[in-house]
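Please look over the sequence and the model below. The report then takes the protein part by part.

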Amino acid sequence: MIQEKLEELKTFLSSPKSMVIVGHRNPDGDAMGSTLALYHYFKQKGHKPTVVVPNEYPEFLHWLPGSKSTYRFDWQNNQSQRAIKGSDIIFLLDFNALHRLGSDMQNTLEKYPNDFAMIDHHQQPDDFTYMYSDTSICSTCQMVYHFIEMMGDVDLIDADIATCLYTGIMTDTGSFRFRSTTSTTHRVIADLIDKGAENDRIHNNVYDANSYGRLLLLGQSLSNLKIYPEYKTAFITLTDAEKKKFDFQKGDTEGVVNYALSLKGIVFGVIFIEDKEQQIIKISFRSKGSFSVNEFARKYFNGGGHDNAAGGKSLDSLDETIKKFVELLPAYQEQLNESYEA
Ligand code: 5GP
Ligand code: MN
């Protein structure tokens, strides 16, 4: 954040404020971890923060400290609207543009008269009054740590804040393995453990909380995997019927796309998930090396994200979406073959 703006924000926050903190729709570990960490921090500073979550989030994040104090915009709309109306500033965390909140929440926030402050690591961020945007940082949670550092308050990081931040850094880095994981990330993580993040418990709560149905859904996903070695590409599909058969719950497909990328020699992994309720095909793109899935998702599938992890959607049927995808591959053969491979 530019120094002048940081000083301005510090002055603004030097007296007690009401603030609403929001993360993106379909929240993941980084969105929940960063918003809740900031909530605990602002509470300590004597402010009145409220986290408003756009919609349902996975069961394996419900244990996060503070999650019970959040409002859900979709089914606690009155309370959420009241909190937004009564706030002096809104913090936008872990997304680059208001449309990522879903149209109802986007419409509400577009009418918001006060300032926004953004903390985010996605590409192509929209412009807000206070901007802390850095696409080189692995997670918004690591940025919230640095934000607290910039505010001169690292000593205020307690076990709750440390736990929330650890969780988001862990989930957004694939447990500290993606390219975005730096020595600074590890130093931050070390400090969070010193401040009370119980690393073994956090890994356990997030990754060893599977239902039997979720494992069977993973089995189905793996048997649906298609490999295109000439394009170093592998993709997984899941139909709505398959999801129903294995009692699909929110978050059950989180991370499944990584199995496509775990194949030796594959640099482009994709999962196509049919969502009959929203009438879309939800797509997750992952890559290794220089092939930018952010650009690919942006150009062809109404999405975006980061160079090596992006999301998107299609309004066509599952079959048509896959056909479109497969027909795009030959144009990228060279790029895909030049992308890094272990
Ligand atoms: P996922 O595939 O897990 O939904 O998303 C991968 C990454 O891309 C996450 O960081 C997510 O926030 C981001 N992302 C997902 N969908 C979109 C989208 O439609 N637009 C943008 N800009 N980013 C997205
Ligand atoms: Mn993130």
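## What the records mark

This is a predicted model. An unreviewed UniProt entry annotates residues 19-169 as "domain: DDH". In the model, the C-alpha atoms at the two ends of residues 19-169 are 24 Å apart. Helix makes up 36% of that span, and strand makes up 18%.

A second UniProt annotation, also from an unreviewed entry, reads "domain: DHHA1" and covers residues 245-328. Here the end C-alpha atoms lie 31 Å apart. The span is 30% helix and 29% strand.

## Two domains and their contact

How is the protein divided? There is domain 1, residues 3-207, and domain 2, residues 212-338. Their centres, taken over C-alpha atoms, are 27 Å apart.

The two domains touch. Domain 1 puts twelve residues into the contact, and domain 2 puts in ten. On the domain 1 side, the touching residues are four nonpolar, five polar and three charged.

## The parallel sheet

Start with the open sheet of six strands ordered β3-β2-β1-β4-β5-β6. Its pairing is parallel. Which strands sit at the edges? They are β3 (71-72) and β6 (130-133), and each of them pairs on one side only.

Now look at one pair within this sheet. Strand β1 covers residues 18-22, and strand β2 covers residues 48-53. They run parallel and are joined by five bridges. Find Ile 21: its bridge partner in β2 is Val 51.

A helix packs here too. Helix α2, residues 29-44, lies across β1, β2 and β4 (89-93). It runs at about 165 degrees to β2.

## The mixed sheet

Another open sheet also has six strands, in the order β7-β8-β9-β10-β12-β11. This time the pairing is mixed. Why do β7 (226-228) and β11 each have one side without a neighbour in the sheet? Both stand at the edges with a single partner strand, so one side of each is left free of a neighbour there.

Inside the sheet, β10 (residues 280-287) pairs with β12. The sense is antiparallel, and the pair has six bridges. One residue to find is Ile 283, whose bridge partner in β12 is Gly 312.

Helix α12, residues 293-300, lies across β10, β11 and β12. The angle between α12 and β12 is about 15 degrees.

## Around ligand 1

Ligand 1 has 13 residues around it. Which come nearest? They are Ser 284, Gly 303, Gly 304, Gly 305 and Gly 311.

Two strands of the mixed sheet take part. Both β11 (304-305) and β12 (309-314) supply at least two residues each to the shell around the ligand. β12 gives the most, with four residues.

What kinds of residue form the shell? Ten are polar, two are nonpolar and one is charged. Domain 1 (3-207) and domain 2 (212-338) each provide at least three residues of the shell. Ligand 1 therefore makes a good place to end, with both domains in view.

Key. Residues are numbered from 1 along each chain as its sequence is written. Chains are lettered from A and ligands numbered from 1 in the order in which they are written. This is a predicted model: local features need pLDDT of at least 70, side-chain atom pairs count only at pLDDT 80 or more; totals for chains, interfaces and linings use all residues. A residue is near a molecule or strand if its C-beta atom, placed from the backbone, lies within 6 Å of it. Ala, Val, Leu, Ile, Met, Phe, Trp, Tyr, Cys and Pro count as nonpolar, Asp, Glu, Lys and Arg as charged, and the others, Gly among them, as polar. Domain bounds come from an automatic or database domain assignment. UniProt positions are given in the numbering used here, feature names are shortened, and annotations may be inferred rather than shown by experiment. Two strands pair if DSSP finds at least two bridges between them. Two residues are in contact if their C-beta atoms, placed from the backbone, lie within 7 Å. Axes are lines fitted to C-alpha atoms, for helices over the stretch in contact, and angles run from 0 to 180 degrees between N-to-C directions.
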